[in-house]
Amino acid sequence: MKKIIAFGASNSKKSINKAFARFAAQQFNTTNIEIIDLNDFEMPLFSVDKEKETGIPSLAQDFFNKISECDLLVISLAEHNGNFTVAFKNILDWVSRINTKVFQDIPMLLLATSPGARGGSSVLEIAKNRFPYQGGKIIASFSLPNFNENFDLDKGITNSEYRNKLLKIVNSVQF
């Protein structure tokens, strides 16, 4: 059976992107879904000096190993000032010291959402341009604008147009 690993690229305990990633992963016809929390991979801020002093944190290897366990990654990117969250960027920086191909050529569905009308589209574009250099095999992407108006934590996407767009993507994904 195929395995999906999904996460919101945020360390917020009430991350809307984690909720969105969970919802999207649950739309696939598989029962083997694991939702991970970036808080379980909290590491010191990356620096070459820190790496020389203490080495690469074992949590970086744990994150890399976790990715290797799946057949599809579903990542919903939170946007902080138009870019990745510090928590997510820090994990990428540490893991890239183990292997520059952080995402190991595993197929990925990239998502983003935010309370605003752009739905995290800036960070989504950055990821779509950057992740292929880090072993990201992006097979589809989707941005959900105005999260609070278009998503319910119990029902998922409430706007039928956006729901249908995501379901069309999910149904087209081969992994």
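Which strands does helix 5 lie across? Select residues 121-130, which make up helix 5 in this predicted model. Helix 5 lies across strand 3 (72-77), strand 4 and strand 5, and runs at about 175° to strand 5.

**The sheet**

Next, show the strands as a cartoon. The sheet is open and has five strands, in the order 2-1-3-4-5, with parallel pairing. Select 33-35 and then 137-144: these are strand 2 and strand 5, the edges of the sheet. Each has a single partner strand, so one side of each is left without a neighbour in the sheet. On average, neighbouring strands are turned by 15° against each other, direction ignored.

**Strand 4 and strand 5**

Keep strand 5 and add residues 107-113, which form strand 4. Seven bridges join strand 4 and strand 5 in the parallel sense. Pick Met108 to find one of the pairings: its bridge partner in strand 5 is Ile138. Then pick Leu109, which stands opposite Ala140 of strand 5. Now trace the chain from strand 4 through helix 5 to strand 5; this β-α-β crossover is right-handed. While the side chains are displayed, a general point applies: in a regular strand they alternate between the two faces of the sheet.

**Helix 1 and helix 7**

Two helix pairs remain on the tour. A packed pair of helices is described by the angle between the axes and the distance between the axes.

Select 16-26 (helix 1) together with 160-172 (helix 7). Their axes are 10 Å apart and the packing angle is about 55°. Helix 1 and helix 7 are therefore oblique to each other, and their crossing is right-handed. Show side chains for Phe20, Phe23 and Ala24 on helix 1, and for Arg163, Leu166 and Val170 on helix 7; these residues make the contact. Coloured by class, the contact of helix 1 with helix 7 has five nonpolar residues, one charged residue and no polar ones.

**Helix 3 and helix 4**

Last, select 58-68 for helix 3 and 86-95 for helix 4. What is the angle between helix 3 and helix 4? They pack at about 90°, with axes 9 Å apart, and are therefore roughly perpendicular to each other. At the contact, Ala60, Phe63 and Phe64 of helix 3 meet Ile91, Trp94 and Val95 of helix 4. By class, the contact of helix 3 with helix 4 has six nonpolar residues, with no polar and no charged ones.

Notes: Residues numbered from 1 in each chain as written. Predicted model: local features only at pLDDT ≥ 70, side-chain atom pairs only at ≥ 80, totals over all residues. Heavy atoms only, no water. Pairing = 2+ DSSP bridges. Helix = DSSP H or I, 4+ residues; strand = E, 2+ residues; numbered from the N terminus. Axes fitted to C-alpha atoms, helices over the stretch in contact; angles between N-to-C directions. Contact = heavy atoms within 4.5 Å. Parallel < 35°, antiparallel > 145°, perpendicular 65-115°, else oblique. Left-handed = near helix turned anticlockwise from the far one by under 90°. Nonpolar A, V, L, I, M, F, W, Y, C, P; charged D, E, K, R; others polar. Right-handed = clockwise from strand over helix to strand, strands pointing away.
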